[in-house]
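Let's take a look at how a ligand is held by its protein. Here is the model to keep open while you read.

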Amino acid sequence: MTFSVHGIAVARGIAIGRAVVMGSGRADVVHYFIQPSQVEAEIERIRAGRNAVVDEIHRLQQTITTMGPKEAPHELSALLDVHLMLLQDEELISGIKHWITDRLYNAEWALTTQLEALSRQFDEMEDEYLRERKADLEQVAERILRYMKGMPSPVQQPAPRRKTQQDLLLDDSVDVPLVLVAHDLSPADMLQFKQSVFAGFVTDVGGKTSHTAIVARSLDIPAVVGARSASNLVRQDDWVIIDGDTGVMIVDPSPIILAEYGFKQRQVELERGRLGRLRHTPAVTLDGQKVELLANIELPEDAEGALRVGAVGVGLFRSEFLFMGRGIGDMPDEEEQYLAYRKAVEGMQGLPVTIRTLDVGADKPLDEKPRDEAHLNPALGLRAIRWSLAEPEMFRTQLRAILRASAHGKVNMLIPMIAHATEIRQTLSLIDFARAELDNRGVPYGNVPIGAMIEIPAAALSLRTFLKYFDFLSIGTNDLIQYTLAIDRADESVAHLYDPCHPAVLRLIAGTISECVRQGKGVSVCGEMAGDTQFTRLLLGLGLRSFSMHPAQILAVKQEVLRADAGRLAPWSREVVDSEDPGLALSA
Ligand code: PEP
Ligand code: MG
C-alpha cells in the first residue's frame, strides 16, 4: 500500500530505488556489491563466521559445566542454548543467502539486512517471551559481525550503476538503485558513504543544516532528514521514492506515481545537463560585477569535484573530517595532516584553498565516547576554537601542518567560532609560535592570510576588533542562525524556527558585509545560505562578491549571478532586510 513520510528536504533531486533500512549503530557495517562469481565465497564467509561463533559458544558451555551455580547460573546456560538455536535457524541462514545471491550484497550487509527483517517479525509477536528473543538475535549477529571484522574480505567494491526509470520499469534485477533509510547517521558515517552505492537517503532525525545534512548535500544525492519514524515504517527492500525538493518519501509507489516521478527525475537530469554548460563561464553579473564562487570540501579528494564544476578555489575546507572515524585519542599527526592539506592545495592546481582549523564538538564529536556531561549543551560548550585553545599542542600541530601546505600553493587559514578578543590574541600568538617552530626546524612555508568565521552574534557585533586583527572574514550562517535564534540546528523538533530570513540574522549578515566592504577587507559567506539560490540576489544586493558552497550548488548559483544586476538589487536588498517579514519580502 502506498504511503508517504514527510521530513525536511536537504539535498535536491529524485531518487527511486529499494530501501536499505539501517537501525542505529549499523552504519559501521560495510556495504558493497559483489560480483556473481563471488557469491559462493561470500556465503562461505558467513558460514565461517557462524561456525566460529558456534564453536565459541560450545567452548563457553564446556567452561560453564566446570563452574558452580553461583558463578554460572542456570539462566546463563539456557541463554547459550537459545543463541545456539538462533545460530542454526534456517530462516536466518536462508535469508542471508537470499540477499547475497539475489541482491549481490556483501556478507556483512546481507547479515544485517536479514537481522532487520527478522527483528520486525519478532516485534510483531504476541508472546512476550518470544518478542524478547530479538535481543538475543541481535547479540548473535553482533558476534558474527565481530568475528568477520577480523576476516579479510576478498571482494573489491565495484562502482554502482545508476539505473534510469525506464530500466526500473522493465526489470528488477540485482543492480537496482538502493536508498538508505536510517534512524541517524553521524557525519563520520556519512563520510563512509562518500564512495557508497546509495542513490539517496532518509533519516529519522536531523535538521536542515545538521552536519549530516551538509555531507549529504556534498554527496549530491537526494536526501530528506527529520522524517521522524521513517526507519520504522519502511521495510527492508520496499520500493521508495525520495523527493529531495519537497522532503517527501513515498513508500511502495503505484505505477502511476512511479511514472510521474520518473518524469521529474529526467527533468532534473536535463536541468543538470543545461547547467553543466556554464562550467567555464565567468561568474559576472549583468552590470559587470565579478563574483567568486568557491567550494566547501570535507576531504582533499573533493578538490577534484570542485574543479569539475568550475570553482575558483576552496572557501571552506572542513578539516575536522580528517580527524573523524578514528579510534579514541587517535589524531592525525603533523605529517599526515600536512600531506592531506597539501593534497587539497595541489588538487586545486594553483587556486586558493581556505583551510579551517578543527571544528569539533556539538554534532561533530570526535568519537562515540559517552559524555558524562550529557546534560550540558555541546553546541554551547567546548567546540571549535575553544577546543583548540584548550589543547594547544594539538592545535599547534595542526597550525604547522597548514603553514607547511602553503609552500605548495595559495593557502588561507580560517578560525571557527571565535568571539572574544582574548581568544583572538591567543590564537594569533599560537600561529606565531607555530611559525617560529617551523623556522627553527628550517621548514618552508608561505604567506598565509588569517581569517575568522563570523558564527556567533557577539562576533558580528564586534567587527571593529575582528577587522583589526584578521585579514578576512567568512560568515558561517549555519551557526550564526543557530546562535542568534537559539535553535539547535540538528534538532528536527525546532527546525521550523530555524529561519535564515529572521530580520536579526539578516541584519548581522548585512552589517558584516558592509563593514568589510567599507574597510576593503575580504568577506565571504560559507554557510548553507551561500549555496541556496533563493538568497543569491539578496546577498549580491548586500554587496557580497564571494560565495562558498558545495560543488553541487555552484552552477545553479552561477546561473542566478549571470541573471542579476547587482547595482539595481542593492536598494531592494536593504528594503528586504529592513522589512518586518523579510521572508515574505524576498518571495514577493
Ligand atoms: C557555518 O556554521 O555556517 C559553517 C560553515 O560551519 P559548519 O557548518 O561546519 O559549522
Ligand atoms: Mg559553523
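## Ligand 1 and its surroundings

An oxygen atom of ligand 1 lies 2.9 Å from an N or O atom in the side chain of Asp 479. A polar contact here is a pair of N or O atoms within 3.5 Å; within protein, one must be able to donate a hydrogen and the other to accept it, and residues adjacent in sequence count only if both atoms are side-chain atoms. The contacts for this ligand's oxygen atoms include these:

| Partner of a ligand 1 oxygen atom | Distance |
|---|---|
| N or O atom in the side chain of Arg 489 | 2.7 Å |
| Polar backbone atom of Gly 476 | 3.4 Å |

On its own ligand 1 exposes 290 Å², and the protein buries 100% of that (areas by the Shrake-Rupley method with a 1.4 Å probe).

A word on ground rules: this is a predicted model, where local features need pLDDT of at least 70 and side-chain atom pairs count only at pLDDT 80 or more, while totals for chains, interfaces and linings use all residues. Residues are numbered from 1 along each chain as its sequence is written, chains are lettered from A and ligands numbered from 1 in the order in which they are written, and side-chain values use heavy atoms, with hydrogens and water left out.

So where does ligand 1 sit? It's in the largest cavity. A cavity is a set of points, on a 1 Å grid over the protein atoms alone, where a 1.4 Å probe fits but cannot get out; lining residues have an atom within 4 Å of a point. Sitting there takes more than half of the molecule's atoms within 2 Å of the grid points.

The shell around ligand 1 has 17 residues, with Arg 318, Arg 356, Glu 455, Asn 478 and Arg 489 the closest (a heavy atom within 4 Å counts as near). They split into 8 charged, 5 polar and 4 nonpolar. Helix H8 (211–219), strand E10 (314–318) and helix H18 (477–485) each supply at least two shell residues, and H18 gives the most, with 3. Helices (at least four residues) and strands (at least two) are DSSP runs.

## What the record adds

UniProt, in an unreviewed entry, places "binding site" at Arg 318, Arg 356, Asn 478, Asp 479 and Arg 489; the lining of the largest cavity includes these residues. Arg 356 is in strand E11 (residues 353–356). UniProt also lists Glu 455 and Asp 479 under "binding site" (unreviewed entry). Those two span 25 residues in sequence, yet their C-alpha atoms are no more than 5.2 Å apart, so they gather at one spot. Glu 455 lies in the loop between strand E13 (450–454) and helix H16 (457–460).

The "active site" feature in UniProt (unreviewed entry) falls at His 211 and Cys 526. Despite a spread over 316 residues of sequence, they cluster in space, with a largest C-alpha distance of 13.7 Å. His 211 lies in helix H8.

Methods:
On a 1 Å grid over the protein atoms alone, a cavity is a set of points where a 1.4 Å probe fits but cannot get out, and a pocket is an open set with protein on both sides within 12 Å along at least five of seven lines; lining residues have an atom within 4 Å of a point. Ala, Val, Leu, Ile, Met, Phe, Trp, Tyr, Cys and Pro count as nonpolar, Asp, Glu, Lys and Arg as charged, and the others, Gly among them, as polar. UniProt positions are given in the numbering used here, feature names are shortened, and annotations may be inferred rather than shown by experiment.
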